[in-house]
Amino acid sequence: MASVTITNVQKNYGAMNVLSAVDLSIADGEFVVLVGPSGCGKSTLLRMIAGLEEISAGEIRIGERVVNDVAPKDRDIAMVFQSYALYPHMDVASNMGFSLLLRKTAKDLVFDRVGAAAKRLGLDVFLQRLPRQLSGGQRQRVAMGRAIVRDPQVFLFDEPLSNLDAKLRVHMRTEIKALHQQLKTTSVYVTHDQVEAMTMADRIVVMHDGVIQQVGTPLELYDHPANLFVAGFIGSPGMNFLPAVVNRRDVKVEAQLSDGQTIALNAELPVEDGERITLGIRPENIEVGSSDALEVKIQVIEPLGLSTQFYTTLADVQVCIYAMGRTDRKPGDAMRIGIRAGDVHVFNPATGQRIDPAA
């Protein structure tokens with residue numbers, strides 16, 4: 001196992017800049033997820049760690065070794081791809097052990113490693129099957145087993161669950177997390193799915209337009225997003241955003257919405273009277289049936305069994321409200337809601353940056 005250190009790494013395709021001065025340190029044994037929308041540079045960064053893409057500037061270290069000019073096969077990494085990349089004419093055992101045979105590893109050792117990995121992944125009864133005789137989840141486990149038998153310093157996962165159905169994705173992400181807890185091998189995982197990132201990562205790296213927006217644990221990013229992009233990307237259902245103007249009267253601070261309704265703010269926020277701000281409110285932080293002054297009309301109700309999602313409009317902006325339990329309310333009904341000052345995130349609409357209370 002080893003750490004991965006990325007220092008001032010850039011990637012250009014001619015005049016087009018894909019990654020801009022990326023700095024990231026991944027600790028030995030850590031599971032780090034790179035997440036962001038398509039085109040944000042996350043897969044490019046992963047391929048640069050693997051040596052499948054040249055870097056335009058900067059330095060990548062695996063452990064203490066600079067690997068900028070080291071061939072992929074000599075970096076002691078193993079990669080799991082979205083497409084599985086299995087040899088269709090080879091059975092499971094041959095697919096899992098092929099890379100070791102290419103390295104002229106003793107056949108007895110190959111047999112032992114394949115057997116151990118197959119047992120760990122529940123593939124021991126499928127070793128003589130061809131890939132076409134397996135389900136999607138089983139093929140993905142074979143691809144993971146092929147990586148495990150190499151006993152690498154670093155695992156790299158490039159959107160490995162994208163081709164699976166929703167139920168199987170949930171199952172496989174649990175298996176990958178459990179596997180990491182057993183092996184404790186440094187892992188870098190790329191996905192566009194923020195739910196995968198939240199449920200699997202020790203730390204999440206949120207990327208946008210080739211720039212790292214924020215790095216932190218899942219709950220750090222959820223509770224304290226650094227900017228509007230992170231706030232909107234992390235969380236399902238997503239955060240609600242409302243434009244507002246600050247009303248500061250002595251020790252009382254409020255945000256006034258475009259329809260004249262107000263929401264209380266933390267009095268310690270460094271904002272001025274009349275300043276334009278953007279409020280961020282998580283759907284679960286809106287209290288249904290509150291005695292507070294906000295009143296909305298229900299437009300859509302989504303019953304989920306354990307909980308209910310309401311969609312409404314507040315100050316001409318669509319708002320999602322997530323409430324535990326079931327409801328007898330109907331679309332068109334009026335509903336009173338409350339929002340505690342401590343649950344409101346405040347952002348600068350010009351820069352997108354979070355505004356925190358004064359220390």
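Select Phe241 to begin: at 27% relative accessibility this residue counts as partly exposed, because its value falls between the 20% limit for buried and the 50% limit for exposed. The model on display is predicted.

Next, add Phe347 to the selection. At 0% relative accessibility, Phe347 counts as buried. How are the rings of Phe241 and Phe347 arranged? Their centres lie 6.3 Å apart and their planes meet at 75°, so the pair is edge-to-face. Colour the strands that carry the two residues: Phe241 belongs to strand E11 (residues 240-249) and Phe347 to strand E20 (residues 344-347), so the pair ties together parts that are 106 residues apart in sequence.

From this pair, proceed to Thr278, which touches both Phe241 and Phe347. Thr278 is part of strand E14 (residues 276-281). Is Thr278 buried or exposed? Its relative accessibility is 11%, so Thr278 counts as buried. Display its further contacts as well: with residues up to four places away in sequence left aside, they include Leu228, Leu242, His345, Val346 and Pro349.

Now turn to the aromatic residues elsewhere in the model. How many aromatic pairs does the structure hold? There are seven. One of them joins Phe155 and Phe157, whose ring centres are 6.1 Å apart with planes at 50°, so this pair is tilted. Phe155 has a relative accessible area of 6% and is therefore buried; Phe157, at 5% relative accessibility, also counts as buried. Extend the selection to Phe31 and Tyr189, which form one aromatic cluster with Phe155 and Phe157.

For a contact of another kind, select Arg282 and Tyr222. The charged end of Arg282 sits over the ring of Tyr222, at 3.9 Å from the ring centre.

The last stop is a sheet. Show strands E2, E1, E4 and E5 as a cartoon: these four form an open sheet in that order, with antiparallel pairing. Which strands stand at the edges? They are E2 (16-26) and E5 (65-66); each has a single partner strand, so one side of each is left without a neighbour in the sheet. Within the sheet, strand E1 (residues 4-13) pairs with strand E4 (residues 57-62) in the antiparallel sense over five bridges. To inspect this pairing, select Thr7, which stands opposite Glu59 in E4. Finally, add helix H1 (residues 42-50), which lies across E1, E2 and E4 and runs at about 115° to E1.

How values were computed: Residues are numbered from 1 along each chain as its sequence is written. This is a predicted model: local features need pLDDT of at least 70, side-chain atom pairs count only at pLDDT 80 or more; totals for chains, interfaces and linings use all residues. Side-chain values use heavy atoms; hydrogens and water are left out. Buried means under 20% relative accessible area, exposed over 50%, partly exposed in between (1.4 Å probe, protein chains only). Contact means heavy atoms within 4.5 Å. Rings of Phe, Tyr and Trp (its six-membered ring) pair if their centres lie within 6.5 Å; planes under 30 degrees apart count as stacked, over 60 as edge-to-face and the rest as tilted. A charge sits over a ring if NZ of Lys or CZ of Arg is within 6 Å of the ring centre and within 35 degrees of the ring normal. Two strands pair if DSSP finds at least two bridges between them. Axes are lines fitted to C-alpha atoms, for helices over the stretch in contact, and angles run from 0 to 180 degrees between N-to-C directions.
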